[in-house]
Structure formats: structure tokens, C-alpha cells
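Trainee: I am new to this structure and would like to know what stands behind the terms used for it. Please take me through some of them.

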Amino acid sequence: MEVTKRGLKQLISSAIQADVSAKPFECIPGPKSLPILGGLWKYLPLIGNYDLNRLHITGYKMQEEYGSLVKQNMGGEVIVNVFDPSDIEQVYKSEGKFPARRSHLAVAHYRLSRPHLYNTGGLLPTNGSEWWRLRSTFQKPLARIQDVRLFLPSSDKIIGDFLTTFIGEGVVIYDFLPHISRLNLELTWSALFGERLGSFHSTQSNCDSIVAGLIEATEIANSCILRTDMTETIWSKMKTPIYKKLEKSLSFIECVVDKQLNKITTVTDESAPKKTEETISLVDKYLKFEESDLKDVRGMVSDLILGGIDTTSYTSCFILYHISRNKFVQERLKAEALKLLPNANSPVSPSVLNEAIYSRAILKETFRLNPIATGISRNLDQDTTLSGYLVPKGTLIITHNLVACRLEKNFKDPLTFLPERWIRGSKDYCNVSPYLVLPFSHGIRTCIARRLAEQNLLSFILKVGRNYSLEWKGSQLDVVTPIICKPDNHVAIAFKSI
């Protein structure tokens, strides 16, 4: 529709009027700010009632006390917490050409202090045009679904081997997380390098120190990131104990990655079998890109290991938790899996994934109740009105999607696990804001490996649902939030072969 000059003036006038009528930023409610500490006192033992390790519960408390928009002064850094889906939508619409975030600051500090190994702080902490250079380059093999499907045969084999090795005919596992971490390390390694690491071998094997070391290093690094993000003024001047832990973990990942990259880049054997489109790895492709060099590849591979193990491992545990506690869900899953996978060893193919309607609903409902993170962070690229308040450009925003997804105003019976919410035609189908369930974020800064992660998780759901009945043996699970939403107790499940 053509906009006349008069109409354009009216639109501009309306926009100005909206800003004028908005309440000032200073009036956004939030905790009292103290000298030096700002609002950090709310997280101190005995004095405050907020907990960094339970950010979803902290979010509930803030939302109940102050409303859908809460301002915090975190020792000099002003943060606005957002809970309403319409405001979350506005945040994404105000993120600009190069969406900016403030996270993984110590990771960037570590890498930028090693210019002989890295060009940037990496994809996770970098902003601006340099972020887009990395993103636009390294997303190429992961952006299109047909490219991601090339990884399916190898991941199907890995998941099958995992189930045979750790579950077999059926067993009670009282702490499943260490096992599932090995699965997701193996899946990540295979996609990156096109070969197996050996994560399912005996713990006495030669490679197990690398396997166990990578799992431990990624968990420790992720547990340190949030706390270093909130105490930048300390560790940027001196190496604090928590920064040293992060540095040690990043160094271990770096050494393992370097050894593997050196192995790949120094291969000169002309008799080695030629790789096809189906067997070529992410690193094979990354090393051929003219827009990047080995320093960029080192950072990208390290980021995919850092972000690829814990995220999918914790999500897998919550999937099993919900399935094992809901017999009706389990029966519907089994019916779909038996139809799509007639035999115990039937492969998960692209056509199977396309028809896995109920399995996909299970995954989405798990993401609603147990997303990978409590929300996302963004720095506003322009002045934006949120909940009637004018929030200035550059303000750091934290969305609280996990809290929003557990509120009655957004979902009926919000704490009930109900995959039918996501199946069109079901009596329980709900048509809700698309800005509520965003486990991988949204827009051009969405998780670079989203399609691959979803593919692996769906394959896992189908394989488990096809071959086992599950019974929950543990206590009720909630989450702790070092940065990724992690199960707060043992994942105890009884598997019985079907």
C-alpha cells in the first residue's frame, strides 16, 4: 500500500506521541539500589532473597513483586528484565542489523589475550560486523535442513550404539546424566570431525581421559560464565579463582581441538579415501572457507563443543524425565515410533523425522517447561517502549521466557506436561505468542546449530520410544541455572526393552 507524504507525517507524529506518552525509564520499578553494590545485595546470603543458581525462581519473585518489567542496577550495569511476550517481541524487533548481547565476557577476554591462536573472542561474545562475519561464514553448512540431514545417518548409528552400550535389554540407571553427556559429546565430535571419538568405550581405554576431560571442562566453563559476566570489573584486572577455573577449562578444550585440527591440516596421504558430500565434516568445510582462517575455525570449533554438549544433554534428561512420568504420553510416543520404525534397528530417516508429529510435540513441550536457558540477553539498538515505559537505546535486556511459559495467563495448567498443546486439531491445542517458547533464541542470532540439535533430539526420542518403556525412579526435578538450565537432581530412570 502506497504511503502518502501526509500519511507518513501522521505515522511519524503518532510514533513521537507514543514516545512522549511513555513513562520515563527512571520510573521502571525494581529493587532498591545501594551504593557500590547497586542491586547485587539482593543476591547476597542472609541479606537478599535472590539466587543466581535459581534464576527462574528469582524471576518469579521479581515478576510478582514488581510486575512485567523490572529494572536492576547490577553494580553499575543497568538491566531491564522482561516477562511479557509482547515486550519480548518488541525486544527482538529492536535488536538491529547486528543483534548485540553481553555474555561470555571472560571467554572473550581469554581468547583476545591469545592473538596467536584467535582473531576474535568467538561467536558467542562477539558483536557488530565482526560477529556477522563469523556467523555468515560458519552457518553455511548448518542453515539449510537438507544440509543438516547429511549428518543423520551417522547420528542415527551413534544413538543406536549408545542405547546398546548403556541400556541394552533394560536397566535401572540412577544417574543418567554422565552417560547422556557421552552421547552428546560423541554426536558433536562426529559432526565436527567426521569420525568417532570413542566416548562409549570402557573407562579404562586410552581415549577416556580426553572424553572425561572434555565433559568436565565444558561443564566447569559453563558454570563459570554467568558469575564472571556479573563480576567483570574484578577478573578483568586480576585473575580471580573462578576466572582461573574458566581459563583452565578453556585451555583444555583448546588443546584437544588444536591436536585434532593439526591432525587434519597435516594429512598428506594421497591414498586416503576421498570424502563425499555425505561424509565430509563441518571442519572439512570450515577449512575451505576463504572468509575465515585457522584461528577463526579454532574458535568456532571450541564454541560448538562448549555449547553443544551440556545443552543437548540437559534437554535429553528433561525429555526422559517427562516421558517416564507420563504413561499416556509414553504410549502415544510408542505408537508413533513403532509405526515409523517397524524394527528395533530401523534407521531414523528424513521421511521419518517429517512424520514424527508427536515426537516433535514432546520436544516442544519440553522446551516450554525446561528450555536450554531461562531467556536471552540483548542490547537495544533503538529507543523502545516496553510495558508503557521508554527504554533507551543500548539498555541491556534480559527476557524471562522460562518464567513466562510457566504462567497461567499464558498457558492453561502451565506446569502440566502436555504435548497435545502443539498438535493442531487436538482439543488441547493452544495458539500462543510465538515469542514465548524460544529455546534457541530468535532471528538472525538464533543458535547456529539449532537444526542439528533438534534433529539429534528427535532421533533420540524416537529410538528410546521405539525400544523401551520407562519408569521414573527419582525425585521431582527442577533446574539450577549456572548459565544453562541443568537438572537439579539425579536423573534416575528404569528402562525396560519393549
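Trainee: Where is arginine 368 found?

Mentor: This is a predicted model. In it, arginine 368 is part of helix α18, which covers residues 357–369.

Trainee: Why is arginine 368 called buried?

Mentor: Buried means under 20% relative accessible area. Arginine 368 has a relative accessible area of 0%, so it is buried.

Trainee: What makes the pair of arginine 368 and glutamate 365 a polar contact?

Mentor: The two side chains are 2.9 Å apart at that contact. The cut-off for a pair of N or O atoms is 3.5 Å, so the pair qualifies.

Trainee: Is threonine 384 buried or exposed, and how do you know?

Mentor: Threonine 384 has 3% relative accessibility. The limit for buried is under 20%, therefore threonine 384 counts as buried. It is found in strand β5, residues 384–386.

Trainee: What does the side chain of threonine 384 reach?

Mentor: It reaches the backbone oxygen of glutamine 382 at 2.9 Å. A polar contact of 2.9 Å also joins the side chains of threonine 384 and serine 94.

Trainee: Why does phenylalanine 25 count as buried?

Mentor: Its relative accessibility is 15%. Buried means under 20%, so phenylalanine 25 meets the condition. Phenylalanine 25 sits in the loop between α1 and α2. Its C-alpha is 5.5 Å from that of valine 391, although the two are 366 residues apart in sequence.

Trainee: Leucine 46 lies in the loop between α1 and α2 as well. Why is leucine 46 called exposed?

Mentor: Exposed means over 50% relative accessible area. Leucine 46 has 90%, so the word applies. Leucine 46 helps to make a nonpolar surface patch of about 490 Å², together with Leu34, Leu37, Leu44 and Ile47.

Trainee: Why is α14 described as largely enclosed by the rest of the structure?

Mentor: Because twelve of its 15 residues are buried. Among them are Val297, Met300, Leu304 and Gly308.

Trainee: How do you know that the span of α14 is close to what is expected?

Mentor: Helix α14, residues 294–308, reaches 20 Å from its first C-alpha to its last. At 1.5 Å a residue, 21 Å is expected, and 20 Å is close to that.

Trainee: What caps the N-terminal end of α14?

Mentor: Aspartate 293 does, with a side-chain oxygen 3.1 Å from the backbone nitrogen of lysine 295.

Trainee: What makes β1 and β2 a pair?

Mentor: Two strands pair if there are at least two bridges between them. Strand β1 (residues 69–74) and strand β2 (residues 77–82) have six bridges, so they pair, in the antiparallel sense. Leucine 69 has valine 82 in β2 as its bridge partner. Two residues lie between the strands of this hairpin, where glycine 75 takes a positive phi near 70 degrees.

Trainee: How many bridges join β2 to β7?

Mentor: Four bridges join them, and the two strands run parallel. Valine 80 stands opposite isoleucine 397 in β7.

Trainee: Which residues make the covered face of β8?

Mentor: Tyr468, Leu470 and Trp472 do, while Ser469 and Glu471 make the uncovered one. In a regular strand the side chains alternate between the two faces of the sheet. Strand β8 is joined to β11 (residues 493–497) by five bridges and the strands run antiparallel, with serine 469 opposite lysine 496.

Notes:
Residues numbered from 1 in each chain as written. Predicted model: local features only at pLDDT ≥ 70, side-chain atom pairs only at ≥ 80, totals over all residues. Heavy atoms only, no water. Patch = residues over 30% accessible without salt bridge, like charges linked within 9 Å, V, L, I, M, F, W, Y side chains within 5 Å. Areas by Shrake-Rupley, 256 points an atom, 1.4 Å probe, with all protein chains shown as cover. Salt bridge = Lys/Arg side-chain N within 4 Å of Asp/Glu carboxyl O. Buried < 20%, exposed > 50% of the residue type's maximum accessible area, 1.4 Å probe, protein only. Expected span 1.5 Å × (residues − 1). Polar contact = N/O pair within 3.5 Å; in protein donor to acceptor, adjacent residues only side chain to side chain.
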